[in-house]
Amino acid sequence: MFRTEMMDINMGPQHPSTHGVLRLKLVLDGETVNDTDVLIGYLHRGVEKLCETKNYHMIEPYTDRLDYVAAMYENLGYVETVEKLMGITVPERAEYIRVLTAELQRIASHLVWLGTHALDIGAMTVFFYCFREREIILDLFEAFCGARLTYNAYRIGGLPWDIPPGWIDRVRHFVKIFPGRQKEYETLLTKNRIWLGRTKGVGILKSEDAIDFGVTGPCLRASGVDYDIRRAHPYSVYDRFLFDIPTGENCDTYDRYLVRMEEMRQSLRILQQALDHLPAGGVMAKVPKRIKPPVGEVYHTVEGPRGELGFYIVSQGDDKPYRMRFRSPSFVNLQALPHMVKGALVADVVAVIGTLDIVLGDVDR
Amino acid sequence: MGMQAFLQKVLLLELWQGMWVTLKNQFRPHITVEYPRETVEFAPRFRGVPRLRKDPQTGEELCISCLLCEAICPTECISIVAEKRPDGKGKQLVSFTINYERCCFCGLCVDPCPTKPITAIYMSHDYEFAGYDRDAYVATREELVDGKPVKIYTR
Ligand code: SF4
Ligand code: SF4
């Protein structure tokens, strides 16, 4: 007489907690998720193909638009890849300023993650506080490069400008006040029983599954794998800084929260060291006006706030790349989603999307 | 369950700590800017829409029609028509248009501009644009020098 039926529900593409235009087709058994189909492509712009028609200078503004929450890393990865291909050595001061801006960007990006993740789960206050502190960082970026979101802040061979006067003091001020602010977020969340209830044991991703899916970044480290590109394949001047790589044990959403919180603290440590050892000198290496890398191919990765951000360029000696490919961490990490939400409740899907910290501009490219 | 954990559970300690944080934040200075009644102050390097400028001393046009900015623009939104000068030396502008609709504010056009001591094209601090049609976003040479007129709507 009674029978149950599976039901297909569309979550997205305009759902507020999917962080963009992500569509999930959930097969539900009551409240329980039985199967998930991730449908992407709503934001596809064909950037990889577009890059084949642009010269090397013109591509950098396009990389800004991939992961728009952490555009500094896209810029950094791109220019470093071209520099590696051409064998350009960047002046030391430029490298330090790149590290400074990149680590500030990591904090800003994690603040967006924390704010929106908490908002999805129902803690609205944290969102406002996080964005208040992010505003300080964006002001610093505006003073440095003139833009607040799509920076186009580096150039192949160095930086277009040195830092403006007074900038270092403003960064020092931020490094001083931020730990106190971070403590406030933690007071609001870390022991909050609703937060614990919504994140503990939710979205478990075992380390071997994480490796199988190719998950990188904080999601991988929260699964207990100690892998960070800054340590494993140091780029820029990262081999000179002391910092810890936080890892988790329980592989759940709560551990990913703890790992990212700790990463912000480690970023502050790197900032402090970079500020103390900032060398003097020029910021631009000698590069030809027309960038024409030699024939060859190159793959280079940087550790973005979301994971391994890779750039692959095939050059045929032209001033345009023959093939350009981005390995975007959001896209790869998103693959683990169906596995992580299998058997969970619908409300947990929201938490898992938040904890994966995807940016749809990065997923769809 | 230890005594401390028990107390924590009964007294809702973590809740009160959180409330204390929100209370403390009530007394921090407000940072919200009531746009459009007030506006934020821009950093000197702020990149608004690109514009052209004249030599501040002589009042002559700086642009020498070298087309470098047109060549580097990633969105191809600059279009320049130039002709030979009547005296045979170099080129002069016939028209210079930037389609602000396509401009992505990247600032790349400023980098190669060769004029000295300041670049002819520069990133201005203008950012307020609203229009009813696409033509409203095409800036001609005169508008690039004097700034695009901004229409202020009032109630
Ligand atoms: S700012 Fe960028 S997009 Fe705009 S006109 Fe200059 S080069 Fe083109
Ligand atoms: S680069 Fe400068 S001088 Fe050359 S066409 Fe553009 S604005 Fe004129």
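The shell of residues around ligand 1 in this predicted model divides into eleven nonpolar residues, two polar ones and no charged ones. In total 13 residues surround ligand 1, and the closest are B:Cys73, B:Cys103, B:Cys106, B:Gly107 and B:Cys109.

Ligand 2 can be described in the same terms, since the residues of its shell divide into ten nonpolar, two polar and no charged. Among the residues around ligand 2 are the cysteines B:Cys63, B:Cys66, B:Cys69 and B:Cys113, together with B:Ile64, B:Ser65, B:Leu67, B:Ile80 and B:Pro114, and the list also includes B:Thr115, B:Ala120 and B:Ile121. One of these residues, B:Leu67, deserves a separate look at its backbone, for its phi is near 65°, a positive value in a residue other than glycine. Most residues other than glycine have a negative phi. B:Leu67 is found in the loop between β1 (50-52) and α3 (68-72) of chain B, and because its relative accessibility is 30%, it counts as partly exposed.

In chain A, attention may turn to the packing of two helices. Helix α4 (residues 92-121) and helix α5 (residues 124-145) of chain A pack at an angle of about 160°, with their axes 8 Å apart, and α4(A) and α5(A) are therefore roughly antiparallel to each other, an angle over 145 degrees being what that description requires. Their crossing is left-handed, and the residues of the contact of α4(A) with α5(A) divide into 18 nonpolar, four polar and two charged.

Helix α5 of chain A also takes part in an aromatic contact. The structure holds 16 aromatic pairs over all chains, and one of them joins A:Phe144 to A:Trp161 in an edge-to-face arrangement, with 6.4 Å centre to centre and 80° between the planes. Because A:Phe144 lies in helix α5 of chain A and A:Trp161 in the loop between α5 and α6 (167-189) of chain A, the pair ties together parts that are 17 residues apart in sequence. The two partners are unlike in accessibility: A:Phe144 counts as buried at 0% relative accessibility, whereas A:Trp161 is partly exposed, with a relative accessible area of 24%.

A further edge-to-face pair is formed by A:Tyr235 and A:Tyr238, with 5.0 Å centre to centre and 65° between the planes. Here A:Tyr235 counts as buried at 3% relative accessibility, and A:Tyr238 counts as buried at 2%. These tyrosines belong to one aromatic cluster, which A:Tyr96, A:Tyr235, A:Tyr238 and A:Phe241 form.

The loop between α5 and α6 of chain A, where A:Trp161 lies, is also where A:Asn152 is found. Phi of A:Asn152 is near 50°, a positive value in a residue other than glycine, and A:Asn152 is buried, with a relative accessible area of 0%. B:Leu67 likewise has a positive phi, but at 30% relative accessibility B:Leu67 counts as partly exposed.

A last feature of chain A concerns two residues set apart in sequence. A:Val69 has its place in the loop between α2 (56-64) and α3 (71-86) of chain A, and is buried, with a relative accessible area of 14%. The C-alpha atoms of A:Val69 and A:Ser109 are separated by 5.9 Å, although these residues are 40 residues apart along the chain.

How values were computed
Residues are numbered from 1 along each chain as its sequence is written. Chains are lettered from A and ligands numbered from 1 in the order in which they are written. This is a predicted model: local features need pLDDT of at least 70, side-chain atom pairs count only at pLDDT 80 or more; totals for chains, interfaces and linings use all residues. Side-chain values use heavy atoms; hydrogens and water are left out. A residue is near a molecule or strand if one of its heavy atoms lies within 4 Å of it. Ala, Val, Leu, Ile, Met, Phe, Trp, Tyr, Cys and Pro count as nonpolar, Asp, Glu, Lys and Arg as charged, and the others, Gly among them, as polar. Axes are lines fitted to C-alpha atoms, for helices over the stretch in contact, and angles run from 0 to 180 degrees between N-to-C directions. Helices (H or I, at least four residues) and strands (E, at least two) are DSSP runs, numbered from the N terminus. Angles under 35 degrees count as roughly parallel, over 145 as roughly antiparallel, 65 to 115 as roughly perpendicular and the rest as oblique. A crossing is left-handed if the near helix is turned anticlockwise from the far one by less than a right angle, and right-handed if clockwise. Rings of Phe, Tyr and Trp (its six-membered ring) pair if their centres lie within 6.5 Å; planes under 30 degrees apart count as stacked, over 60 as edge-to-face and the rest as tilted. Buried means under 20% relative accessible area, exposed over 50%, partly exposed in between (1.4 Å probe, protein chains only).
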